[in-house]
Amino acid sequence: METADLSHHISRRFNEDLERVRNQVLAMGGMVELQLANAVTALIEGDSNLGASVGRDDSKVNGMEVSIDEECQRILATRSPAAGDLRVIVAIIKTITDLERIGDEGEKIGYIASRLASMERPADKYREIKHLGRIVSEMVHQALDAFARLDSEAALRVARQDRIVDEEYESIQRQCITFMMEDPRSIRRALDVMWIVRALERIGDHAKNICEYVIYMVHGKDVRHTRLEDIERDLRSRSSGV
Amino acid sequence: MTPGTSAVLFVTLRIAAALALGATLGWFAGAWWLGVCGVLVLYLAWNLWQLWELHSWLRNRGVADPPDAMGLWGDVVAQVVRLHRRKRFHKERLARLFRELRRSTAAMPDGVVMLDPKGEIIWFNRKAGEMLDLSRRADLGLRIDNFVRHPDFVQYLRGNEYSAPVIVRPDVNQEKYLAFQLISYGEDQRMLMLRDVTREVRLEQMRKDFVANASHELRSPLTVIAGYLETISADPGIGELAGPINEMRRQADRMTRIIEDLLELSRFEANDGPIKGQPIDVAAMAALLRKDVLARTTHPASVEVAIESGASLIGDEAMVQSAFSNLVDNAAKYTPPGGSMTIRWWTDEQGGHFSVRDTGPGIPAEHLPRLTERFYRVDPGRSRETGGSGLGLAIVKHALYRHGARLEIDSVEGRGSTFTCHFPAERLFEQRAAANG
């Protein structure tokens, strides 16, 4: 009787541990989301203070990554989780790496934005970047929602958007090249813009990665480097087959 | 005698009578006990029949009518029927109440989310579901901070200071601001009220922008006017126009000051969060402020500085300087040449306190609550004379607000006023031993 009680107790504590780490990941995600939004706003509105503040926030995100990592190591060492629990821990360890990278890219955008703030802004007020930034931060938001709900279908939907990001990236790149050819004086700014767009494109990739971890967490299937159509077909056959 | 006992008594009497009858009949037939047994068997059979009737009615009492029974059985049936009716009545009332409650919360213009101690969602109304994009099917039992991940909200949820709502954008990609207010009730239960404040936030932003832009736009033409007036007034050929032109210069100066104060205020307002800042040497600042007062053409006879603590104040130097100098300036302006004023800085367990006391005319009590409003004048004629912008105390209030501090005003008409800034203890920085007293 006593042993049964004890094991129940341990598993409850274990559940709480897992739940706490998951919550920390989402809190970290919230910080990263805000950082990204601030970085893009800093660029669009030419607010150099806001841009610089993004860099300062990044240390908080880094600190959270380290503490979540330690917590995961502790869980792995003391609880030796198996099956679904193990997948959750592995997915969390991977997710926070991607979140941290998103934070780094956000910091980069903020830094460039605070530098561009002192320059004259182009006539289109970075409309394309605004559009791309919106798609990308929407992706990050939905990826984290899917993570919170363990919703693999939503994760798949988000992952599919990465293609749009790539197309936008291409189109802004072409536009920048045109600007540079037309007016060599704009090369400097165009290069900075390229850096920002590149960072946004990378953030899109990281959001897609997070979605893949969600699918891994739910279905136990590693879907990295797999074509989206194949994943989709696979998931559908699983859900209908079982 | 209660009706119950009388019924029991009646039944007992009836059985006794029946037994007596049975015994008599049996006695006539030759065996009295056979008669008694016959009566008992009949009675038992009747009882079983009644019990069976009652039982089958209880099994499907929803549809069937209660059985007709007499005697004690009839009483039992009546009691059961009454109990059953009462229960159904209460159940219906509760269900109706619950339906009403659910309908009314669903119709509420604000969102409501009920949370358990861990912050997991127990229930939410339709509006909250719309606002936060929650689905009743999937999201019950999940934690609210998994969906509203804004760091400010997470901090608010984990803290225990719920008096003021926190305003955040739940989705950073949408221009939608929600005010979240937590309300504790019962044992560790919490209710989260949500209100859409996008309009208010936008209006407030527009107001701030308008003031900042308008002041900025007014500054350039005013500089030109002031410049020309200065050149003209230096010209010896203006003759009797000297008076009016000097007055125009004075007024232009005043306008410049008002605009500068407005710009300063909107700069303080541009950001709402508390500031971190660096340690500020209050003693040095107070000494400088004293010097400024003594440099005025007319100044109070005595200006004392009492520094009773060596602690520094952590804050934004420009903002604190602006707040303190506004207070000192006011005191210097309103203290008559023969009066005295005291600047004091001290610390205790509550935090740091900076006070400016004067022996001026004092402020009537009814004006105190409105004193920090913009352009509020106690005595319109007098303050225009002294050339104030009417924004000084508004600046003080806002600068203090950004430091988590508050302003206290004590004033006795005819005797003088004391303006005290109370800073929280975490704003203090004790480097040297407090021995400057």
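**Exercise 1. Find which residue of strand 4 of chain B stands opposite Val166(B), and place this pair in its sheet.**

Step 1. In this predicted model, Val166(B) faces Phe180(B), a residue of strand 4 of chain B.

Step 2. Strand 3 and strand 4 (residues 178–185) of chain B are antiparallel and are joined by three bridges.

Step 3. The sheet is an open one of five strands in chain B, ordered 2-1-5-4-3, with antiparallel pairing. Strand 2 (121–124) and strand 3 (166–168) of chain B are the edge strands, each pairing on one side only.

Step 4. On average, and with direction ignored, neighbouring strands of this sheet are turned by 25 degrees against each other.

Step 5. Helix 5 (residues 151–158) of chain B packs on the sheet, where it touches strand 3 and strand 4 of chain B. The direction of this helix makes about 155 degrees with that of strand 3 of chain B.

**Exercise 2. Describe how strand 11 and strand 12 of chain B are connected.**

Step 1. Strand 11 (residues 406–412) and strand 12 (residues 416–424) of chain B run antiparallel, with seven bridges between them.

Step 2. As an example of a bridge, Glu408(B) has Thr420(B) in strand 12 of chain B as its partner.

Step 3. The two strands form a hairpin with three residues between them. Gly414(B), in the turn, has a positive phi of about 90 degrees.

**Exercise 3. Leu150(A) and Phe375(B) are not glycine, yet what is the sign of phi in Leu150(A) and in Phe375(B)? Locate both residues and classify their exposure.**

Step 1. Phi is positive in Leu150(A), near 50 degrees, and positive in Phe375(B), near 60 degrees.

Step 2. Leu150(A) sits in the loop between helix 4 (127–149) and helix 5 (152–182) of chain A. Phe375(B) sits in the loop between strand 10 (351–358) and helix 10 (380–386) of chain B.

Step 3. A residue is buried at 20 or more other C-beta atoms within 10 Å and exposed at 12 or fewer. Leu150(A) is partly exposed because it has 17 such neighbours. Phe375(B) has 13, so it is also partly exposed.

**Exercise 4. Check the spans of the two helices of chain A on either side of Leu150(A).**

Step 1. Helix 4 of chain A has 23 residues, and its first and last C-alpha atoms are 33 Å apart, close to the 33 Å expected at 1.5 Å a residue.

Step 2. Helix 5 of chain A has 31 residues and should therefore span 45 Å at 1.5 Å a residue; the end C-alpha atoms lie 46 Å apart, in agreement.

Step 3. The buried residues of helix 5 of chain A include Ala155(A), Val158(A) and Ala159(A). Asp162(A) and Glu168(A) are also among them.

**Exercise 5. Which residues have the most contacts inside the largest nonpolar core?**

Step 1. This core has 90 residues, and those with the most contacts inside it are Met28(A), Leu43(A), Ala143(A), Cys211(A) and Val214(A).

Step 2. Helix 6 (residues 187–219) of chain A gives the largest share of the core, 16 residues.

Step 3. Beyond four places in sequence, Cys211(A) is in contact with Ala143(A), Ala146(A), Ala155(A), Leu156(A), Val158(A) and Ala159(A).

Step 4. A second, separate core has 36 residues, including Phe268(B), Leu327(B), Ile395(B) and Cys421(B).

Step 5. As a general background, nonpolar side chains tend to be buried together in soluble globular proteins.

**Exercise 6. Is Thr24(B) buried or exposed, and what lies across from Ala226(B) in space?**

Step 1. Thr24(B) belongs to helix 1 (residues 3–29) of chain B. Its 12 C-beta neighbours inside 10 Å are why Thr24(B) counts as exposed.

Step 2. Thr24(B) and Val36(B) are twelve residues apart along the chain, with 8.8 Å between their C-alpha atoms.

Step 3. Ala226(B) is in helix 6 (residues 198–234) of chain B and is partly exposed, because 17 other C-beta atoms lie within 10 Å.

Step 4. Gln251(B), 25 residues from Ala226(B) in sequence, is 9.3 Å away, C-alpha to C-alpha. Not counting residues up to four places away, Ala226(B) touches Ala252(B) and Thr256(B).

**Exercise 7. How many residues does each chain bring to the contact between chain A and chain B?**

Step 1. Chain B brings 14 residues and chain A brings 17 residues.

Step 2. The side of chain B consists of six nonpolar, three polar and five charged residues.

Conventions
Residues are numbered from 1 along each chain as its sequence is written. Chains are lettered from A and ligands numbered from 1 in the order in which they are written. This is a predicted model: local features need pLDDT of at least 70, side-chain atom pairs count only at pLDDT 80 or more; totals for chains, interfaces and linings use all residues. Helices (H or I, at least four residues) and strands (E, at least two) are DSSP runs, numbered from the N terminus. A nonpolar core is a set of buried Ala, Val, Leu, Ile, Met, Phe, Trp, Tyr and Cys residues joined through C-beta atoms within 7 Å. Two residues are in contact if their C-beta atoms, placed from the backbone, lie within 7 Å. Ala, Val, Leu, Ile, Met, Phe, Trp, Tyr, Cys and Pro count as nonpolar, Asp, Glu, Lys and Arg as charged, and the others, Gly among them, as polar. Two strands pair if DSSP finds at least two bridges between them. Axes are lines fitted to C-alpha atoms, for helices over the stretch in contact, and angles run from 0 to 180 degrees between N-to-C directions. The expected span of a helix is 1.5 Å times one less than its number of residues.
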